[in-house]
Amino acid sequence: MERLKRNKQNRLGRGIVRRNTMWAAGTGLIPIPVLDSAAIVAVQLKMLAELSSLYQVDFQKNSGQAVIATMMTSLSGSVLGKSFLATGIFSGLAKVIPVVGSTLSILTMPGFNAAFTYALGRVFLKHYAIGGTLQDFDPEKAEPYFKEKFKEGFKVAQGAKAA
């Protein structure tokens, strides 16, 4: 019986991650620099709240924001992450350049936002499935899995575009 419950939670959790990954990709199409950042964080917080609810884990917005910021920082710690982060940051800054900047941003931000959200969601699916909470989350321990899922997230985003 417990195994059925865990399987159902995992299936529902993957659906939450998939749905929010697509919403995150959509935020990359917002042409207004500050609004796009607020929208992506809102989607990611919504996803963390939904996963927390599914696993009956206490969710606090400020803890969720701290986790998002920490995981973003973990990407900048590796050479691979720097190239992805640079793409995301460049795209955000490029939006202030009329026409050309918006075009460059629309080409790169949806994939970056989707990959980051996918990785964040998959990390928390795994963490919650083993009984973790938002308070005992260890970003350093989760970093290798996060980076693996971040790369995978780009493939998921590409697959969604093709569909």
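**Exercise 1. The second largest pocket**

Task: List the residues that line the second largest pocket, state which helices supply at least two of them each, and sort the lining by residue character.

Solution. Step 1: The lining of the second largest pocket consists of Val-123, Lys-126, His-127, Ile-130, Asp-136, Phe-137, Asp-138, Lys-141, Ala-142 and Tyr-145. The structure is a predicted model.

Step 2: Compare these numbers with the helix ranges. Both α5 (100-129) and α6 (139-162) contribute at least two residues to this lining.

Step 3: Sort by character. Five of the lining residues are nonpolar, one is polar and four are charged.

Step 4: Add the volume. The second largest pocket holds about 230 Å³ of space.

**Exercise 2. The overall fold**

Task: State how many helices and strands the protein has, and what share of its residues is buried.

Solution. Step 1: Count the elements. The protein has six helices and zero strands, and its pattern along the sequence reads α-α-α-α-α-α.

Step 2: Turn to burial. Of the 163 residues, 41% count as buried.

Step 3: Look at how contacts are spread over the sequence. Taking contacts between residues at least 6 apart in sequence, 73% join residues at least 24 apart.

**Exercise 3. Helix α3 and its faces**

Task: Find the span of helix α3, and explain why its buried residues line one face.

Solution. Step 1: Helix α3 covers residues 61-75, which is 15 residues. From first C-alpha to last it reaches 22 Å, close to the 21 Å expected at 1.5 Å a residue.

Step 2: Pick out the buried residues. In α3 these are Gly-64, Val-67, Ile-68, Met-71, Ser-74 and Leu-75.

Step 3: View α3 down its axis. The buried residues fall within an arc of 120°, so they line one face of the helix.

Step 4: Recall the geometry behind such a pattern. An α-helix has 3.6 residues a turn, so residues three or four places apart point the same way.

Step 5: Check the other side. Asn-62 and Thr-73 are exposed and sit on the face of α3 turned away from its buried side.

**Exercise 4. Helix α2 and the loop after it**

Task: Describe the span of α2, and say what is notable about the phi of Gln-56.

Solution. Step 1: α2 has 22 residues and reaches 32 Å from its first C-alpha to its last, close to the expected 32 Å.

Step 2: Note its buried residues, among them Asp-36, Ala-39, Val-43, Gln-44, Met-47 and Leu-51.

Step 3: Look at one residue of α2 that is not buried. Ala-49 is in α2 and, at 29% relative accessibility, counts as partly exposed. Its C-alpha is 8.1 Å from that of Lys-61, twelve residues away along the chain.

Step 4: Move past the helix. Gln-56 lies in the loop between α2 (33-54) and α3. Gln-56 has a positive phi of about 55° although it is not a glycine.

Step 5: Classify Gln-56. The cut-off for exposed is over 50% relative accessible area. Gln-56 has 69% relative accessibility, so it counts as exposed.

**Exercise 5. Contacts between distant parts of the chain**

Task: For Gln-44, Gly-121, Gln-9 and Arg-14, list the contacts beyond four places in sequence.

Solution. Step 1: Gln-44 lies in helix α2. At 3% relative accessibility it counts as buried. Its contacts are Ile-68, Asn-113, Phe-116, Thr-117 and Leu-120.

Step 2: Gly-121 is found in helix α5. Its relative accessibility is 0%, so it counts as buried. Gly-121 touches Val-17, Met-47 and Leu-51. The C-alpha atoms of Gly-121 and Met-47 are 7.1 Å apart, although 74 residues separate them along the chain.

Step 3: Gln-9 lies in helix α1. With a relative accessible area of 13%, Gln-9 is buried. It is in contact with Leu-54 and Tyr-55.

Step 4: Arg-14 is also placed in helix α1 (residues 2-27). At 33% relative accessibility, Arg-14 counts as partly exposed. Its contacts are Arg-122 and Leu-125. Arg-14 and Arg-122 are 108 residues apart in sequence and 7.7 Å apart in space, C-alpha to C-alpha.

Note on methods: Residues are numbered from 1 along each chain as its sequence is written. This is a predicted model: local features need pLDDT of at least 70, side-chain atom pairs count only at pLDDT 80 or more; totals for chains, interfaces and linings use all residues. Side-chain values use heavy atoms; hydrogens and water are left out. Helices (H or I, at least four residues) and strands (E, at least two) are DSSP runs, numbered from the N terminus. The expected span of a helix is 1.5 Å times one less than its number of residues. Buried means under 20% relative accessible area, exposed over 50%, partly exposed in between (1.4 Å probe, protein chains only). The arc is that of the directions from the helix axis to the C-beta atoms. Contact means heavy atoms within 4.5 Å. On a 1 Å grid over the protein atoms alone, a cavity is a set of points where a 1.4 Å probe fits but cannot get out, and a pocket is an open set with protein on both sides within 12 Å along at least five of seven lines; lining residues have an atom within 4 Å of a point. Grid points are joined across faces, edges and corners, and a volume is the space filled by probe spheres set on the points. Ala, Val, Leu, Ile, Met, Phe, Trp, Tyr, Cys and Pro count as nonpolar, Asp, Glu, Lys and Arg as charged, and the others, Gly among them, as polar.
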